[in-house]
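Please look over the sequence and the model shown here before reading the exchange between a student and a tutor.

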Amino acid sequence: MYKEYQYMRVTYLLGIYLAFSYIFGLAGLSPTVELIHDLLTLTVCITAYMWLKKNIILFGLAFFFLSFNFELLYSPLIPNSATWNFEAAKFFLGLETVATLLVVAGLADSYFEDKYLDYKSNFKLTPLVATVTAGTVVLQVIIRTFG
């Protein structure tokens with residue numbers, strides 16, 4: 001039970017930081033800051049899942065994982081990246097919107113005492129983070145090599 005409180009605190013602190021950084025315009029300062037904010041968003045999703053163990057948050061994490069990898073394809077920090085266009089922005093915005101809605105639905109359901117979305121799973125932190133990290137590396141290598 002103590003670990004859930006740690007995950008809750010990390011989720012709250014990072015969520016507050018991300019909210020203020022987007023409100024005050026700190027997220028768009030440079031490509032490096034945007035990459036850090038995307039990594040922090042993935043971290044918030046992982047800690048929210050580890051805190052509440054809800055499947056809907058896990059699906060939101062999967063959509064954030066896809067949007068993070070999609071954004072890496074257009075990152076100016078990585079050589080040979082594609083150029084950002086309107087179609088890519090629409091697709092990215094759709095992924096981010098679905099992911100945000102899924103995570104917020106899981107958090108809201110937890111607030112309302114798990115009335116509707118009480119489907120839970122029990123993944124451990126290390127395999128979850130290893131899957132996200134290895135998946136990002138493999139996906140980026142495959143897309144950049146063969147795409």
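The questions below concern salt bridges and a surface patch.

Tutor: This is a predicted model, in which local features need pLDDT of at least 70 and side-chain atom pairs count only at pLDDT 80 or more, while totals for chains, interfaces and linings use all residues. Residues are numbered from 1 along each chain as its sequence is written, and side-chain values use heavy atoms, with hydrogens and water left out.

Student: Which residue forms a salt bridge with D109?

Tutor: A salt bridge here is a side-chain nitrogen of Lys or Arg within 4 Å of a carboxyl oxygen of Asp or Glu. D109 lies in helix α4 (residues 86–111), whereas its partner is 55 residues apart, in the loop between α2 and α3 (55–73); helices are DSSP runs of H or I with at least four residues, numbered from the N terminus. With the closest N and O atoms 2.9 Å apart, the partner is K54.

Student: Are D109 and K54 buried or exposed?

Tutor: Buried means under 20% relative accessible area, exposed over 50%, and partly exposed in between, with a 1.4 Å probe and protein chains only. By that scale, both D109 and K54 are buried.

Student: Where does L26 of the nonpolar surface patch lie?

Tutor: L26 joins Y12, I16, F20, I23, F24 and L29 in a nonpolar patch with about 790 Å² of accessible area together; such patches take residues with over 30% relative accessible area and no salt bridge, nonpolar side chains being joined within 5 Å. L26 is itself partly exposed, at 39%, and its place is the loop between α1 (2–23) and α2 (31–52).

Definitions and conventions. Patch = residues over 30% accessible without salt bridge, like charges linked within 9 Å, V, L, I, M, F, W, Y side chains within 5 Å. Areas by Shrake-Rupley, 256 points an atom, 1.4 Å probe, with all protein chains shown as cover. Helix = DSSP H or I, 4+ residues; strand = E, 2+ residues; numbered from the N terminus.
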